[in-house]
Amino acid sequence: MKQQLGIREYTSIAILMIGAKTTENTPSSLYSEAQSAAWMIPIISGGFFLIPLFLLLKTFSVFQGKDLFALIQRLLGKYIGFFVLLSLFIISSLAFSYDTRMYTDIIHTFYFRTTPLVVLYAIFLFVCVYGAKKGIQHIGSIAYITIWYIILSFAFALILSTKDNSIQAIYPLWGSGIQDIIKASISGTTLFADFIILTVIISNMSSTKDFTKGTWIALILNAIHISAAVFIFTCLFDRSLEGVGYPFHTAIRYFSFGNFLSNVETLFLPIWLMAGFIRFAALLYICTKIFGHIFHIKEVEYLTPTLATIYLLIGIIPETPLDVALEFKAKIRLIAGPAFLAISLLLWAVALLKGEFKHAKNKKGM
Amino acid sequence: MFEEFMMKKNLLNTLFNKTRKNPESKDKSNAAEAELKKQAISTDYEQNLATFKTLYSVPDNMDVKVREFTIRSTNQRAFIIFISSISDARVIQEDITEKLIESNIPNKGIPDLCTGPFFTTETVIEKILESINGGNTALFVDGDEQCYLFDTPNIQGRAIGKPDIEVIVKGPKESFNEKVITNISLIRKKSKNENLIVESMMIAKRSKNNVYLVYQKDLVNEELLQNVKDKLHSLDVESIVDLSILEQYIEERPRSLYPTLLYSERPDRAASFIEEGHIILLMENSPSCLVLPTTFWALIHSPEDHYLRTPYGNFIRLLRLLAIFIAMFTSSFYIAVTNFHVGMLPPDLLMAIAGTRERVPFPALFEVLMMEIAFELIREAGLRVPSPIGPTIGIVGALILGQAAVQANIISPIVIIVIALSGLSSFIISDTSMNFAIRITRFLFIFSAGLMGIYGVSALFVVGLFYLLSLKSFGTPYFAPMTPNFVSSKDIIIRHIPIKERFRPGYLKPKDMGKKGKG
């Protein structure tokens, strides 16, 4: 009996994959783009993202139960489809490499100063490979089991960090100007770019409808959650948020449970790590799946360790954490969102021109 | 190079095969006997007598009894054969021999003469032997081409006792014993329903071990039932003497650290699982039952969760969940904190720990490992020790390993607290297999904490969780019905009030989902 990915499991994966972004350098890079108005960006980007996502999902609704591969194959043909998939693969691979590297950097800087980075990185990727090899159903299950604890502990961390907040820090309300907000919001769509590659796993789900529903829930929750996190971090750090590398980890170092437990970051570490492992296991699974489809490899899961090793090699190219954040990851951030948006718009436009929507309507009418 | 090696290996293998005795060849000496067993009995009295005397090696076999006599009413020669140690001599005398010898009503058949409530007739020698070996009495009459088998078993065994492992305070206190008939009657007592089926199936060829499948015909999923039967049929073994060994034959991953079948000694638990649509396996000589399929939740639940009122039941469930976490993580957390994350301790506590550790010459990891192993030793010794010298273990354990070790500066007092806490908590999980699994996992966590602190523990935890999620018990995912999600009464971490528990677990795909409105 082949198990299907249920809506709860899918939504949990989607929330973890995107929501976990607040715990790395995303809030600071948003702040550097729009200053005190940074908290609006996730919501506005979410709004921007709504249209292409809606169109993409509409396209998918015509092809019930088909995943992104089938859709691209059908609409764009063999050759263009190949290039589109290849670019998807390269972008998500690079994103995987630099994001995992950043996680390792965080672990290295905050908790394991003396352990070699590569060792930490290798352990991190080992766990992701193990998870990815177990398949998306298991990743979904583990995401669903842990999501409540992750959300609760994250909310708890945010509430605790409001203790020393000054609400004035969000003024001026429009930051450095509405223009900047709009500009930042366009590249900010990268926050939600994972939704596009998540369409790869539609074929593992029981229905496209579940996928659509889960996507909307996750999108709304994530937009609110990222926005809230950026808001609270802005109030906590004010202008220095721009210079703080990893606001979440700095924040959990900052606050304490009363007078007794002053350093509680180690209590949040396991839960944050769990979220990270699950997030990257899912991403690695998707990357492997795209790779297998591009090069027609059956039983591609045996390639997961190999791919992960390559990602590790790419990930250790940047020499310092600063390089990762400001150069490598920043570039991906700039490209990924718009590129993925373009792909989804392209798919919809081709479907429209080919008359697929009319076909579907006729079919239904008959 | 490699080919050469392979060639040598092949050569060696053939040599070994030549010298090794063919396991089948041993049976050949018995071939004549095996052939004989397949035949039907003869009508000749003397021949039958001789056959069965040789088969049972009478008179060498002291408890196999043969009694020859003449049936008075028909004036035929007859003999009965039975194994006295497992059959009821009084029943044999009153219902068979007495009636046949004394009754003088002419021209009556055997069925009309004997008063035993139940008998069958059989002609094949093999079947007759099987029946006699089960404690029945066989009657052979001169000139009759069939043999009469009377139900006279009286197998000795323990009376129904209290459960030893799954101890509860409130609720029924019967447990299974080694007689399968008693066990079945205990289940039937709790589920008086004509749909309750007890199906017997032979699984081992030599010792003829039977396994009994107990299920509700109108609930159980046919596919699951077939699956279980196929699995049992596919076993090709000489002998399976106990249910706990059968468990290892039929589980999907015999090497896995975590159990995938529930082994229970409580008939009330068995009955409630049957009512949900599970299948129960019973075996002669096993004071327990196996529940298939089993989920993680069934393994950590206790029947008392339901016998207690809802708030109390949930309280002990949460307590048990906490105990699992304490048992698994206290030691590793201590190691991680003292070795890697010193900063997270409040300064006063840190000073206290450092003060007690000051004179201990070992690293924390070694210290904890030493103490954990000592605790496991005490526990195992306590189990095996003959009861008259039992209290000695307590004194030795508590005094020498606790007090003295601290005073000798081998162990710091805080480690004793840590070990005692985790050891104590591990007792709360009543399922033996789960208990072992958690105790062994604790050691894995200790090593990972010693290696990588909290990071190592988290990594191992996620890997372990992935592993657990991929476990299956007869097609049922380990964490069902939580994830993947199935319709159920949501009896997972906490349970609802009984009136709200309206559904049978969906992962079993029972024929009737609803629990209400059915007798």
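Reader: How many aromatic pairs does a search of the whole structure find over all chains?

Author: Happy to start there, with the reminder that this is a predicted model. Ring centres within 6.5 Å make a pair. Searched over all chains, the whole structure gives an aromatic pair count of 38.

Reader: Are the rings of A:Phe154 and A:Phe248 stacked or edge-to-face?

Author: The two ring centres lie 5.1 Å apart, and the planes meet at 25°. Planes under 30 degrees apart count as stacked, while those over 60 count as edge-to-face. With its angle of 25°, the pair of A:Phe154 and A:Phe248 is therefore stacked.

Reader: Which helices of chain A hold A:Phe154 and A:Phe248?

Author: The pair ties together parts that are 94 residues apart in sequence, because each ring sits in its own stretch of chain A. A:Phe154 belongs to residues 136-160 and A:Phe248 to residues 247-254, so the helices are α6 and α10.

Reader: Is A:Phe248 buried or exposed?

Author: Buried means under 20% relative accessible area, and exposed means over 50%. Its partner A:Phe154, at 11% relative accessibility, counts as buried. A:Phe248 has a relative accessible area of 4%, so this residue too is buried.

Reader: What is the angle between the planes of B:Phe79 and B:Phe140?

Author: This aromatic pair links distant parts of the chain, with B:Phe79 in strand β2 (residues 76-83) of chain B and B:Phe140 in strand β4 (residues 137-141), 61 residues apart. Both B:Phe79 and B:Phe140 are buried. The rings are 4.8 Å apart from centre to centre and the pair is stacked, with an angle between the planes of 15°.

Reader: Which residues of chain B are in the aromatic cluster with A:Trp272?

Author: Members of this cluster come from chain A and chain B. Among those from chain A are A:Phe96, A:Tyr103, A:Trp272 and A:Tyr311. From chain B come B:Phe340 and B:Tyr455.

Reader: How many helices does chain A have?

Author: Good one to check by eye: there are zero strands in chain A. From the N terminus on, the elements run α after α, and the number of helices is 14.

Reader: What is the radius of gyration of chain A?

Author: Chain A has 366 residues, and for that length the globule rule gives 21 Å. The value for chain A is close to that, so the chain is as compact as a globular protein of that length, with a radius of gyration of 20 Å.

Reader: And what radius of gyration does chain B have?

Author: Chain B has 19 helices and 12 strands, and its C-alpha atoms fill a box of roughly 100 × 70 × 55 Å along the principal axes. A compact globule of 519 residues would have a radius of gyration near 24 Å, but the value for chain B is 30 Å.

Reader: What share of the residues in chain A is buried?

Author: For chain B, 46% of the 519 residues count as buried. In chain A, with its 366 residues, the buried share is 58%.

Reader: Which residues does B:Thr51 touch, not counting residues up to four places away in sequence?

Author: B:Thr51 lies in helix α4 (residues 45-55) of chain B. At 11% relative accessibility, this threonine counts as buried. Leaving out residues up to four places away in sequence, B:Thr51 touches B:Leu36 and B:Ile125.

Terms used
Residues are numbered from 1 along each chain as its sequence is written. Chains are lettered from A and ligands numbered from 1 in the order in which they are written. This is a predicted model: local features need pLDDT of at least 70, side-chain atom pairs count only at pLDDT 80 or more; totals for chains, interfaces and linings use all residues. Side-chain values use heavy atoms; hydrogens and water are left out. Helices (H or I, at least four residues) and strands (E, at least two) are DSSP runs, numbered from the N terminus. The radius of gyration is taken over C-alpha atoms; the globule rule is 2.2 Å times the number of residues to the power 0.38. Buried means under 20% relative accessible area, exposed over 50%, partly exposed in between (1.4 Å probe, protein chains only). Contact means heavy atoms within 4.5 Å. Rings of Phe, Tyr and Trp (its six-membered ring) pair if their centres lie within 6.5 Å; planes under 30 degrees apart count as stacked, over 60 as edge-to-face and the rest as tilted.
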